[in-house]
Amino acid sequence: MFGIKTQKRTESYSAVKTEDSEGLLANSETSSLDGHPTKIPCRRQPWIATSIMIFCTAVLSALFGAWAGRNGLDADAFSIQHISEYSPIIKEANMNFERVRFNGSFLKINAFRQDAGPEVDAAWKSLGADFSAVRIPASEAAQSNIKADQVKIKEKYGGGFPANVEGLHHLHCLNLLRKSLPWNIEYYKAMKMGPFANDDHVLKAHVTHCLDIIRQELMCNIDIGVLGQVWYQPPNSDIEPFVDFNTVHTCRNFEVVRDWAEKHQLPTETPDDFLEGPKEGDRIYLEVP
C-alpha cells in the first residue's frame with residue numbers, strides 16, 4: 001500500500017486594533033485644525049451594504065446556474081473533483097452520488113456481522129476488500145500524487161505505476177479489524193493466512209495501522225448528519241428513547257468504484273522482472289514509511 005502524508009502549514013494572526021469610531025461620530029460636527037467646525041459625513045447604514053451584497057450574490061448564482069444548465073455541467077463530477085484527490089477513476093468511470101439509507105440495526109445481524117466462517121468471508125470478499133493493485137498510467141501519475149521515482153512497471157509489461165484504490169484499502173483494514181475481534185481471532189489465527197501468517201508483533205502493528213488509518217479517514221470525511229431518536233418499548237418495560245441509526249446519506253456510487261478496480265486489477269502472479277529497479281537518485285527508504 002502507498003500512503004502520502006501531507007502537512008498543512010498553520011499561521012497565527014492577531015486582530016488589528018482600530019479606533020473607536022462611535023466616539024468620532026457621536027456628533028455631526030467637530031473642530032478642524034483652524035478651529036472652525038467641520039462636517040463629518042454620516043456613514044451609510046450597514047443593512048444597505050448587506051442588502052447589496054446579498055442581491056449581487058443571488059444574481060451571480062442565478063447566472064452561474066443558467067450557464068451551467070446551458071453548458072451541461074455535471075454537478076456530481078464537479079463536486080467529486082472538488083472534494084477528492086484525482087485518480088483515473090474520476091475520468092474513466094461515471095462517478096455519481098446517490099441517496100442511501102444505512103442499515104443501522106442494533107440487534108439484527110446481516111451478512112457482514114456474522115461470526116467467523118466462510119459465509120462472512122465471502123460477503124467481505126464481494127466488496128473488493130482483497131482486490132490486487134491497479135495500474136496508473138505514467139501520463140496520470142503526477143496528477144494522481146504519484147512521484148516519478150516511485151515503483152514502476154517495466155514498459156514491456158505495459159508501464160505505469162502499481163497502486164491501490166484507497167477506499168478498498170480502508171475496507172481491507174476494516175475487515176482485518178473484524179477478523180481480530182476476540183470472538184473471531186482464533187479462527188483466523190488457526191488458518192495462518194494473510195496477516196495471520198505473521199508473528200504476533202507484526203499482526204499487532206498491522207491491526208493498529210488499520211485502526212489509525214480508519215480513524216484518519218473518518219476525521220477527514222466527517223459526517224455532519226445527525227442521529228435522531230425513536231421511542232422503543234423493551235418487553236415488560238417502560239417506553240424509552242433509542243437512537244435511530246437507519247439514516248439517509250448522500251453517497252458516492254460504491255459499485256462504480258468497485259467495478260473499475262476489479263476490471264483494472266493487475267495479475268496476482270507476475271514475472272520476476274515485472275517491476276523496474278530503482279535508478280540513481282530515486283528515494284530508497286531505510287525503514288518502513
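Is Phe106 buried or exposed? I looked this residue up first and found that Phe106 counts as exposed, at 53% relative accessibility. By the cut-offs I used, buried means under 20% relative accessible area, exposed over 50%, and partly exposed in between, for a 1.4 Å probe and protein chains only.

**Entry 1. The model**

I note that this is a predicted model, in which local features need pLDDT of at least 70 and side-chain atom pairs count only at pLDDT 80 or more, while totals for chains, interfaces and linings use all residues. Residues are numbered from 1 along each chain as its sequence is written, and side-chain values use heavy atoms, with hydrogens and water left out.

For the helices and strands I relied on DSSP runs, numbered from the N terminus: helices are H or I with at least four residues, and strands are E with at least two.

**Entry 2. Aromatic pairs**

I searched the whole structure for aromatic pairs and recorded six. Rings of Phe, Tyr and Trp (its six-membered ring) pair if their centres lie within 6.5 Å; planes under 30 degrees apart count as stacked, over 60 as edge-to-face and the rest as tilted.

I then examined Phe106 and Phe242, whose ring centres are 5.4 Å apart with the planes at 80°, so this pair is edge-to-face. Phe106 lies in the loop between strand E3 (97-101) and helix H5 (118-125), and Phe242 lies in strand E7 (residues 240-243), so the pair ties together parts that are 136 residues apart in sequence. Phe242 has a relative accessible area of 30% and is partly exposed.

I next noted Phe112 and Trp124, an edge-to-face pair with 5.7 Å centre to centre and 90° between the planes. Phe112 is in the loop between E3 and H5 and Trp124 is in helix H5, twelve residues apart. Phe112 is partly exposed at 32% relative accessible area, whereas Trp124 is buried at 8%.

Which residues form one aromatic cluster with Phe106? I found Tyr232 and Phe242 in that cluster.

**Entry 3. Salt bridges**

My search of the whole structure for salt bridges gave eight. A salt bridge is a side-chain nitrogen of Lys or Arg within 4 Å of a carboxyl oxygen of Asp or Glu.

I looked at Asp121 and Arg178, whose side chains meet in a salt bridge of 3.0 Å, N to O. Because Asp121 lies in helix H5 and Arg178 in helix H6, this pair ties together parts that are 57 residues apart in sequence. Asp121 is partly exposed, with 21% relative accessible area, and Arg178 is buried, with 7%.

I turned to Asp273 and Lys156, where the salt bridge is 2.7 Å, N to O. Asp273 lies in the segment after H9 and Lys156 in the loop between E4 and strand E5 (161-163), so parts 117 residues apart in sequence are tied together. Asp273 counts as partly exposed at 26% relative accessibility; Lys156 is exposed at 60% relative accessible area.

Pro271 is also found in the segment after H9. I recorded that Pro271 and Tyr157 are 114 residues apart in sequence and 9.3 Å apart in space, C-alpha to C-alpha.

I also entered the salt bridge between Lys189 and Asp200 (3.3 Å, N to O). Lys189 lies in helix H7 (residues 185-191) and Asp200 in helix H8 (residues 200-220), so the pair ties together parts that are eleven residues apart in sequence. Lys189 counts as partly exposed, at 27% relative accessibility, and Asp200 is exposed, at 51% relative accessible area.

**Entry 4. Helix H9**

Which residues of helix H9 (residues 254-263) are buried? I listed Val256, Val257, Arg258, Trp260 and Ala261. Their cover includes helix H4 (88-92), strand E4 (134-136) and helix H6 (166-179). Arg258 is also linked with Asp259 and Glu262 in a network of salt bridges.

At the start of H9, I found a side-chain oxygen of Asn253 within 3.1 Å of the backbone nitrogen of Glu255.

**Entry 5. Strand E8**

I followed the side chains along strand E8 (residues 248-252) and saw that they alternate. His249 and Cys251 point to one face and are buried, while Val248, Thr250 and Arg252 point to the other and are not. In a regular strand the side chains alternate between the two faces of the sheet.

How do E3 and E8 pair, and over how many bridges? I found the antiparallel sense, over five bridges; two strands pair if DSSP finds at least two bridges between them. Thr250 in E8 is the bridge partner of Arg99.

Key. Contact = heavy atoms within 4.5 Å. Polar contact = N/O pair within 3.5 Å; in protein donor to acceptor, adjacent residues only side chain to side chain.
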